[in-house]
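This briefing goes through one protein model by topic. Keep the sequence and the 3D view open while reading.

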Amino acid sequence: MFKYKVRKPPSQPLPLGKVNTIPANNEVLSGYVQGAKASDIEERFARGLSVDKRVDGYQFRFPVISPKNHPGQLEIDFVVQSAGLIYCFQVDGAYAHKGIGKQQDDLRKDVLSNEFMRKKYNAMPIRRIPWSKLTTQEQANFTVRELIR
């Protein structure tokens, strides 16, 4: 018959410190931007654009190269107009844009989209925004202020 050995409790308490309570998040997200389904980080970025007075307008999920739902169609997450300039932004999630293969695919799409947007609208090159800059609404507002000059 097998006997389990019972270990003695540690002689000293573990140095864990106190548990910090995390304040409740009062942020309520709808999951939509301009009538289209959106992730939390996309919605925070859109809200940041909406409150920035320098932004004249923006479009979420802007189709490039061919019309929506047609072969060859690519999308830019946000196309923003401010003071006569056109800005293009891609919001990168933690998992969807991870890995070498996905990063290479994103780069290929960015090259094609940049060329199209430059020729047709004289737009600025696409800027990718990591999810870590959009974890709270305050961060998203700061990121928008930083990106649009």
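A polar contact is a pair of N or O atoms within 3.5 Å; within protein, one of the two must be able to donate a hydrogen and the other to accept it. In this predicted model, the backbone oxygen of Leu134 and a polar atom of the Arg44 side chain are 2.9 Å apart. The points below start from Arg44 and then turn to the sheet, the helix across it and the salt bridges.

**Arg44 and helix α1**

- Arg44 is part of helix α1.
- Its relative accessibility is 7%, so Arg44 counts as buried.
- Leaving aside residues up to four places away in sequence, Arg44 touches Glu27, Leu29, Leu134, Thr135, Thr136, Gln137 and Ala140.
- Arg44 has buried company in α1, including Ile41, Phe45, Ala46 and Leu49. Two acidic residues of the helix, Glu42 and Glu43, are also buried.
- Helix α1 covers residues 40–51, and at 1.5 Å a residue its 12 residues should span 16 Å. The C-alpha atoms at its ends are 17 Å apart, which agrees.

**The sheet**

- Four strands form an open sheet in the order β3-β4-β5-β6, and their pairing is mixed.
- The edge positions belong to β3 (57–64) and β6 (126–130). Each has a single partner strand, so one side of each is left without a neighbour in the sheet.
- On average, and ignoring direction, neighbouring strands of this sheet are turned by 35° against each other.
- Strand β5, residues 85–92, pairs with β6 in the parallel sense over five bridges.
- Cys88 has Ile126 in β6 as its bridge partner.

**The helix across the sheet**

- Helix α2, residues 100–121, lies across β3, β4, β5 and β6.
- The angle between α2 and β4 (74–82) is about 45°.

**Salt bridges**

- The structure holds 15 salt bridges. Three of these pairs are described here, followed by a network.
- Asp92 and Arg128 form a salt bridge in which the closest N and O atoms are 2.5 Å apart. Asp92 lies in strand β5 and Arg128 in strand β6, so the pair ties together parts that are 36 residues apart in sequence.
- With a relative accessible area of 12%, Asp92 is buried, whereas Arg128, at 29% relative accessibility, counts as partly exposed.
- In helix α2, Arg108 and Asp105 are three residues apart, which means that about one helical turn separates them. They form a salt bridge, with 3.0 Å between the closest N and O atoms.
- Arg108 is partly exposed at a relative accessible area of 43%, and Asp105 is partly exposed at 25%.
- Glu75 pairs with Lys68 in a salt bridge whose closest N and O atoms are 3.1 Å apart.
- Glu75 has 30% relative accessibility and counts as partly exposed; Lys68, at 41%, also counts as partly exposed.
- Which residues are linked with Asp92 and Arg128 in a network of salt bridges? They are Lys102, Asp105, Asp106, Arg108, Lys109 and Asp110.

Definitions and conventions. Residues numbered from 1 in each chain as written. Predicted model: local features only at pLDDT ≥ 70, side-chain atom pairs only at ≥ 80, totals over all residues. Heavy atoms only, no water. Pairing = 2+ DSSP bridges. Axes fitted to C-alpha atoms, helices over the stretch in contact; angles between N-to-C directions. Contact = heavy atoms within 4.5 Å. Expected span 1.5 Å × (residues − 1). Buried < 20%, exposed > 50% of the residue type's maximum accessible area, 1.4 Å probe, protein only. Salt bridge = Lys/Arg side-chain N within 4 Å of Asp/Glu carboxyl O.
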